[in-house]
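Q: I would like a close look at one part of this model, and then at what surrounds it. Please keep the account plain.

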Amino acid sequence: MTDKHDESGKFFSLHPDVSQVLLILTDINGIARGKLVRPHELDVIFDRGRPLPSSILSLNALGEDVDSTGLVWEVGDMDCFARPVPGSLKICPWIKNTAQLLLSMDPVAGMPAASADPRLKLAQVAERLKQDGYHPVLACELEFYLLDAEAWADGEVKPTRTCRGLPLEQTQVYGVQDLEDMSEFFEDVYLCSAEQGLPAETVISEYAPGQFEITLTHREDALQAVDEAIEFKRLIKGVAEQYGMIACFMAKPFAELSGSGMHIHVSLADEQGNNLFSSEEAQGNELLRHSIGGMADSISDCMAIFAPNANSYRRFRPNSYAPVAPTWGVNNRTVTFRVPTGPASSRHVEHRASGADANPYLAAAAVLAGMHHGIKNKMDPGPAISGDGYANADSSLTINWYAALDGFEKSTFVTEYFGAEFQHIFSALKRDECNQFFAQVSELDHRWHLRLA
């Protein structure tokens, strides 16, 4: 029996009641795609992989094929082999007798779909850094809303009631009362996290009623850190449904309330795990500044990744805690690239551009690619912003979906780090979504123009 079979054998010895396993491949939109299989099928999956149609990575947010990706009719919707992500076979505590297993396309047997696999893109970018002696250390920080599922079924979107049945109506940022009122839910989140081996840490009440943030521990393996972010989003959604709630990771579910971001905390280590950003200077050392310089230089090329939907761009507003310019600073939440305070050994960058709706694999890959770009070209990020970053903001950050897609499609940076095939597939898919979205006539169109135009 191989090591791969050992993983499933050990798992089922601990969980003999599991009767079904969800195979999960994360698509370009960050949506889980896959199959439900029986436990006896896993030996073959671990040994040979599992064939999936090439079109599984051509799907838009509505689950529709986008023919222009080249992954549908042009290749006969051929089978492409995906393989299990080691260590990802885990129980789903919120679903009776069910487990889950993450998949990623085989780099060779998974072609042509492998060209569009977000996890493979992160692995490839991380490997470029490692080849130069830089080992990315990463953590994700997730913001989300808890919404009332019953109200949504009736066509209304509003924050959930607390576990005690009380409405969440006020913006009680850092409010302890909101945490106490939701303590049963968060207790179950922590219990399920422990069962899945996920490093869930601090919870805070965020800057809107029903909005919360949970941090995950940093990992010395960037792929592990993002795998855990993917798993944790599923977990939060699953536990929320048990409480009659919807865990919403939209960037901006309410026009008048705060948006939700996914902050990526990152540093670089040597082979021994020593932080290469370590510095007694609060602004960090030259390596850190070159990394910021590269992230700032490439951010507009990658805004289509950090802000992948029309709704994403509603988050970027002055004085909103969402960035509006490629600025950086120390201990400053009004900039895009924040260097938090702390001891020299903890020196790192918090990348604040991504919405909570971004695909974590692609967002992390874009962050790491920017760092590599800056280090390779010794890019200077300019002076750190002190005080109000919104007052010092310029207009160089792309905060329009059409412009972001144009920038992504034309970017030589994206071609270099993500490959021309991925660039084409992503662009075709998101351009299709963009065109469909703006072709819709909304209630706002009617209210503004029906009689007066």
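Which side chain does the side chain of E350 join through a polar contact, and at what distance?

A: The partner is H263: a polar contact of 3.1 Å joins the side chains of E350 and H263. The model is predicted, and every value here is computed from it.

E350 belongs to strand 14, residues 349-351. Its relative accessibility is 1%, so E350 counts as buried, the cut-off being under 20%. Apart from neighbours within four places in sequence, E350 is in contact with E141, H263, I264, H265, T336, F337, R338 and P340. R338 deserves a separate note: R338 and E350 are 12 residues apart along the chain, and their C-alpha atoms are separated by 5.0 Å.

The surroundings of E350 include a pocket. E350 is among the residues closest to the centre of the second largest pocket, together with E141, T215, H265 and R338. In total, 43 residues line the second largest pocket, and the space in it is about 940 Å³. Of its lining residues, 15 are nonpolar, 16 polar and 12 charged. Strand 7 supplies the largest share of this lining, 6 residues. Strand 8 (200-205), strand 9 (211-216) and strand 11 (262-269) each supply at least two residues, as does strand 7.

Strand 7 leads on to the largest pocket. Strand 7 (135-148) is one of the elements that give two or more residues to the lining of the largest pocket, and the others are strand 1 (20-26), helix 7 (222-242), strand 10 (245-248) and helix 13 (420-439). Helix 7 gives the most, with 7 residues. The volume of the largest pocket is about 1500 Å³. It is lined by 48 residues, and C248, F249, M250, N309 and D357 lie nearest its centre. The lining of the largest pocket divides into 26 nonpolar, 10 polar and 12 charged residues.

Helix 13 also holds K430. K430 has a relative accessible area of 1% and is therefore buried. Two polar links of its side chain can be named. The side chains of K430 and N29 are joined by a polar contact of 2.6 Å, and the K430 side chain reaches the backbone oxygen of P308 at 3.0 Å. Not counting residues up to four places away in sequence, K430 touches N29, P308, N309, W401 and L405. N309 thus appears both in the contacts of K430 and among the residues nearest the centre of the largest pocket.

Another contact to follow is that of L429, which is in contact with S58. S58 is found in the loop between strand 3 and strand 4. S58 counts as buried because its relative accessibility is 0%. Its side chain reaches the backbone oxygen of S55 at 2.8 Å. Besides L429, and leaving aside neighbours within four places in sequence, S58 is in contact with E64, D65, V66, T69, L71 and V72.

The strands on either side of that loop pair with one another. Strand 3 and strand 4 (residues 79-84) run in the antiparallel sense over 4 bridges, and L52 in strand 3 stands opposite C80 in strand 4. In a regular strand the side chains alternate between the two faces of the sheet. Strand 3 (residues 50-53) shows this: R50 and L52 point to one face and are buried, whereas P51 and P53 point to the other and are not.

Some backbone details remain. Most residues other than glycine have a negative phi, and most peptide bonds are trans. Against that background, M111 and P112 are joined by a cis peptide bond with omega about 0°. P112 is found in the loop between strand 6 (98-105) and helix 3 (118-131). N97, which is not a glycine, has a positive phi of about 55°. The loop between strand 5 (90-91) and strand 6 contains N97. With a relative accessible area of 31%, N97 is partly exposed. K378 likewise has a positive phi, near 50°. K378 lies in the loop between helix 10 (360-376) and helix 11 (401-410), and a relative accessible area of 61% makes K378 exposed.

To return to the part asked about: E350 is buried, its side chain is joined to that of H263 by a polar contact, and E350 is one of the residues closest to the centre of the second largest pocket.

Technical notes. Residues numbered from 1 in each chain as written. Predicted model: local features only at pLDDT ≥ 70, side-chain atom pairs only at ≥ 80, totals over all residues. Heavy atoms only, no water. Buried < 20%, exposed > 50% of the residue type's maximum accessible area, 1.4 Å probe, protein only. Pairing = 2+ DSSP bridges. Contact = heavy atoms within 4.5 Å. Polar contact = N/O pair within 3.5 Å; in protein donor to acceptor, adjacent residues only side chain to side chain. 1 Å grid on protein atoms, 1.4 Å probe; cavity = no way out; pocket = protein on both sides within 12 Å on 5 of 7 lines; lining within 4 Å. Points joined across faces, edges and corners; volume = space filled by probe spheres on them. Nonpolar A, V, L, I, M, F, W, Y, C, P; charged D, E, K, R; others polar.
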